[in-house]
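These are my notebook entries on one structure. I looked up strand pairing, disulfides and salt bridges, in that order.

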Amino acid sequence: ECVSGCVCPEGLFDDGRGGCVEEEDCPCVHNSDFYNHGHSITVDCNTCTCQKGIWSCTKNVCYGTCMIYGSGHYITFDGKFYDFDGSCEYVATQDYCGDKNSGGSFSIITENVPCGTTGVTCSKAIKMFLGVSNDIQKLQPRTAGLRQSFVYSYEYLTFYLIVKFIKSCGYFHFLFQGKVCGLCGNFDDKSNNDFTTRNGLLETNILTFGNSWKQSSMCPDVTEEIKPCDLKPHRKSWAEKECSLIRSEVFKVCHSKVCRGHYEACVHDACSCDSGGDCDCFCSAVAAYAQECTRAQACVFWRTPDICPIFCDYYN
């Protein structure tokens, strides 16, 4: 049966952009963008080169990043995005996992507290334990050794405290990839098994998963998902208007590179932040999205004197 349409002449190939090219000139596609043969891009810590329509990438082992930000938003090492509002101390990540609980070497705990009247929670403090009893409060602003196996350093960058841990025999990520557990997942490059409980069970319910990682049995379990915009409907239209910045032309270069629920998270935070500092919650949510854009090589200059200003940055 004949079907009406356009086809390329024999020996040529559709380039996806309305043209016909020879095989060696076939472009590659990444995040909806087209790249010509021979073009190279950076993906995480690897370099990928387009070769006749197929990406050829280096196979370096990359660092993993877990994010805990705003009103209970989590992005695991493997990129899974979810919300969990629990008021307690929880294991963010550690290597005390499975049958080797007694042989761990580090643990990172997030202390979550209520931040608003709707019931959402925010991370108030991060506690880091290396070896037996070393925590972040004891670190000095210099490089030091711990048990002759860890080396750490930290520095302040504007709003951020950057802490780096290195094993004497190699970098952290080589040793712990696929061997960690907690709210940040297991860092095995598979996001579908990130909701693994403290008992090692794969869970589909976020609340059950999150509750399993609380540090004290005295803390109440989270029993329902909190939707602050439903509880504070008068704030919803304002929140949607402010957070539309994320979907605007300002972040256009990033839209195809970061496909997570940052707009929804921003609206969620703007609705819930009703105890003063309304703009702080909005700015933190947008800043988290901007950070993800930067990691994806999509640098966006979004702050202005009218939007979350940091005047020294704007005028420098």
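**Entry 1. The sheet**

I began with an open sheet of three strands, ordered S8-S9-S10, in which the pairing is antiparallel. Strand S8 covers 67–69 and strand S10 covers 81–83; both stand at the edges with a single partner strand each, so one side of each has no neighbour in the sheet. From one strand to the next, I noted an average twist of 20 degrees. I record here that the model is a predicted one.

I then examined one pairing in this sheet. Strand S9, residues 73–75, runs antiparallel to S10 and is joined to S10 by three bridges. Which residue of S10 is the bridge partner of Tyr74? I found Tyr82 in that place.

Next I asked what packs on the sheet. Helix H6, residues 262–272, does, and this helix touches S8, S9 and S10. The direction of H6 makes about 155 degrees with that of S9.

**Entry 2. Disulfides**

How many disulfides does the structure hold? The count is 12. I followed three of the pairs in detail.

The first pair I took was Cys28 and Cys50, whose sulfur atoms lie 2.2 Å apart in a disulfide. The torsion about their S-S bond is about 85 degrees, so I entered this disulfide as right-handed. The pair links distant parts of the chain, as Cys28 belongs to strand S3 (residues 28–30) and Cys50 to strand S6 (residues 46–51), with their positions 22 residues apart in the numbering. Is Cys28 buried or exposed? Its relative accessibility is 1%, under the 20% limit, so Cys28 counts as buried. Cys50 has a relative accessible area of 0% and is therefore buried.

I turned next to Cys48 and Cys57, which a disulfide joins with an S to S distance of 2.0 Å. This link is right-handed, with 110 degrees about the S-S bond. For the two residues I noted separate accessibility classes: Cys48 is buried at a relative accessible area of 5%, whereas Cys57 is partly exposed at 36%.

The last pair I followed was Cys283 and Cys308, joined by a disulfide with S to S 2.0 Å. Here the torsion about the S-S bond is about -90 degrees, so the disulfide is left-handed. This pair too links distant parts of the chain: Cys283 is in helix H7 (residues 278–295), while Cys308 is in the loop between H7 and helix H8 (311–315), and the two are 25 residues apart. Both Cys283 and Cys308 are buried.

I also checked two further cysteines. Cys2 has a relative accessible area of 79%, which is over 50%, so Cys2 is exposed. Cys26 is in no disulfide. Which cysteine sulfur is nearest to Cys26? The sulfur of Cys50 is, at 8.4 Å; a disulfide would require the two sulfur atoms to be within 2.5 Å. Cys26 counts as buried, with 13% relative accessibility.

**Entry 3. Salt bridges**

My search of the whole structure gave six salt bridges. I examined three of them.

Lys127 and Glu89 form a salt bridge in which the closest N and O atoms are 2.7 Å apart. This pair links distant parts of the chain, since Lys127 is in strand S13 (residues 121–130) and Glu89 in strand S11 (residues 89–94), 38 residues apart. Lys127 is partly exposed, with a relative accessible area of 27%. Glu89 is also partly exposed, at 24%.

Asp221 and Lys214 meet through their side chains in a salt bridge, 2.6 Å from N to O. Asp221 is partly exposed at a relative accessible area of 45%, whereas Lys214 counts as buried at 15% relative accessibility.

What is the N to O distance in the salt bridge of Lys241 and Glu242? I noted 3.9 Å, against a limit of 4 Å for a salt bridge. Lys241 counts as exposed at 61% relative accessibility, and Glu242 as partly exposed at 24%.

Note on methods
Residues numbered from 1 in each chain as written. Predicted model: local features only at pLDDT ≥ 70, side-chain atom pairs only at ≥ 80, totals over all residues. Heavy atoms only, no water. Pairing = 2+ DSSP bridges. Helix = DSSP H or I, 4+ residues; strand = E, 2+ residues; numbered from the N terminus. Axes fitted to C-alpha atoms, helices over the stretch in contact; angles between N-to-C directions. Contact = heavy atoms within 4.5 Å. Buried < 20%, exposed > 50% of the residue type's maximum accessible area, 1.4 Å probe, protein only.
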